[in-house]
Amino acid sequence: MAKSSILSSSIAKKVAMALSGLFLVTFLALHFFINLTSVFSDETFNVCSHFMGNNPIIQFVMQPILVAGVVFHFVMGFVLEIQNRAARPISYAKNNGAANSSWASRNMIISGLVVLAFLGLHFYDFWIPEMVYKYVEVNPFEPTRYFGEMVHKFESPVRTGIYCVSFVLLFLHLWHGFNSSMQSIGFNNKFSRSLHKLGYAFAVIVPFGFIFIALFHHFNQ
């Protein structure tokens with residue numbers, strides 16, 4: 001009975017983590033779409049950013065939900081990692097993990113930590129200055145400031161390089177995470193193969209799309 005309870009608890013945690021990951025993917029897609037507009041039109045980017053930064057529903061409802069989702073997803077990741085390690089107390093002298101699994105699947109905790117660190121950098125670079133601008137300094141609304149502020153962030157080759165490396169690890173995290181999420185929630189029907197392909201496409205297009213955006217603005221200063 002105890003073993004069954006532990007198994008059920010583990011499955012529930014995996015399902016919860018999978019659903020929180022899929023939830024965060026929607027915000028990542030929206031963020032990517034808005035940033036992509038900066039490549040084609042600074043005016044469109046300013047309009048979208050001004051709307052996102054000053055809409056009360058987004059700022060005071062969706063944004064706290066997003067932060068809670070990020071915290072929950074990574075906490076569950078650590079809990080599952082500790083639980084998995086506890087379930088395998090014996091360390092084998094010879095274990096060729098690469099023969100049975102990919103690097104991404106064996107190092108989700110590493111890529112997850114790097115992605116979490118990247119989110120911290122992103123908050124430091126964009127979110128905190130935005131909060132200071134609006135609520136500490138109480139500056140007047142300036143709907144055309146966003147493009148210039150974003151481009152300025154990518155002047156530094158060091159910061160641009162950190163962003164690019166972080167997005168490569170985000171790609172690895174998404175590549176394995178999406179497939180794992182589908183397995184965790186038991187999605188297996190005639191649409192699952194197409195959805196898996198869509199997930200893999202998302203894992204490639206979005207992170208490398210962010211890299212393209214960062215490099216585009218860095219080399220077009």
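A residue counts as buried here when its relative accessible area is under 20%.

**Figure 1. Helix H2 of this predicted model, with its buried residues.** With that cut-off in hand, we can start on H2, where Phe45, Asn46, Cys48, Ser49 and Gly53 are buried. Helix H2 runs over residues 42–54 and has 13 residues. At 1.5 Å a residue, H2 should span 18 Å, and its end C-alpha atoms are indeed 18 Å apart, so expectation and model agree.

**Figure 2. The whole chain, for orientation before the other close-ups.** The chain holds 8 helices and 0 strands. Followed along the sequence, its pattern reads α-α-α-α-α-α-α-α. Of the 221 residues in the chain, 36% are buried. Among contacts with a separation of 6 or more, 82% join residues 24 or more positions apart.

**Figure 3. Where H2 meets H6.** How do two packed helices get described? By the angle between their axes and the distance between the axes. For H2 and H6, the axes come within 8 Å and cross at roughly 100°. H2 is therefore roughly perpendicular to H6. On the H2 side, the contact is made by Asp42, Phe45, Asn46, Ser49, His50 and Asn54, while H6 brings Tyr146, Phe147 and Met150. Sorted by class, this contact has 4 nonpolar, 4 polar and 1 charged residues.

**Figure 4. A closer look at Ser49 and Gly148 around the H2 and H6 helices.** Ser49 belongs to helix H2. Is Ser49 buried or exposed? Its relative accessible area is 13%, so Ser49 is buried. Setting aside residues up to four places away in sequence, Ser49 touches Ile34 and Tyr146. Gly148 sits in helix H6, which covers residues 146–153. With a relative accessibility of 42%, Gly148 counts as partly exposed. The C-alpha atoms of Gly148 and Asn46 are separated by 9.2 Å, although these two residues are 102 residues apart along the chain.

**Figure 5. Thr37 and its contacts with Thr44 and Phe45.** Thr37 is found in helix H1. Thr37 has a relative accessibility of 11% and therefore counts as buried. Beyond its neighbours within four places in sequence, Thr37 is in contact with Thr44 and Phe45. You have met Phe45 already, as one of the buried residues of H2.

**Figure 6. The largest nonpolar core, centred on its best-connected members.** This core has 27 residues, and those with the most contacts inside it are Leu28, Phe167, Leu170, Leu174, Phe202, Val206 and Phe210. Which elements give two or more residues to this core? They are helix H1 (2–40), H2, helix H3 (56–87), H6, helix H7 (157–184) and helix H8 (192–218). H8 provides the largest share, 7 residues. For a local view, pick Leu174: leaving aside neighbours within four places in sequence, Leu174 is in contact with Val25, Leu28, Phe202, Ala203 and Pro207. Of these partners, Leu28 and Phe202 are also listed among the residues with the most contacts inside the core.

**Figure 7. Ala18 and Phe178, brought together from distant parts of the sequence.** Ala18 lies in helix H1. Its relative accessible area is 4%, so Ala18 is buried. Ala18 and Phe178 are 160 residues apart along the chain, and their C-alpha atoms are separated by 8.1 Å.

**Figure 8. Leu121 on helix H5, with Ile162 and Tyr163.** Leu121 is a residue of helix H5. Because its relative accessible area is 21%, Leu121 is partly exposed; the cut-off for buried is under 20%. Leaving aside its neighbours within four places in sequence, Leu121 is in contact with Ile162 and Tyr163. From Leu121 to Arg159 the C-alpha to C-alpha separation is 9.5 Å, for two residues that are 38 residues apart in sequence.

**Figure 9. Val138 in the loop between helix H5 and H6.** Most residues other than glycine have a negative phi. Val138 is not a glycine, yet it has a positive phi of about 50°. The loop that holds Val138 follows helix H5 (108–136) and leads to H6. Val138 is exposed, since its relative accessible area is 59%.

Definitions and conventions. Residues numbered from 1 in each chain as written. Predicted model: local features only at pLDDT ≥ 70, side-chain atom pairs only at ≥ 80, totals over all residues. Heavy atoms only, no water. Helix = DSSP H or I, 4+ residues; strand = E, 2+ residues; numbered from the N terminus. Expected span 1.5 Å × (residues − 1). Buried < 20%, exposed > 50% of the residue type's maximum accessible area, 1.4 Å probe, protein only. Axes fitted to C-alpha atoms, helices over the stretch in contact; angles between N-to-C directions. Parallel < 35°, antiparallel > 145°, perpendicular 65-115°, else oblique. Contact = heavy atoms within 4.5 Å. Nonpolar A, V, L, I, M, F, W, Y, C, P; charged D, E, K, R; others polar. Core = buried A, V, L, I, M, F, W, Y, C linked by side-chain atoms within 4.5 Å.
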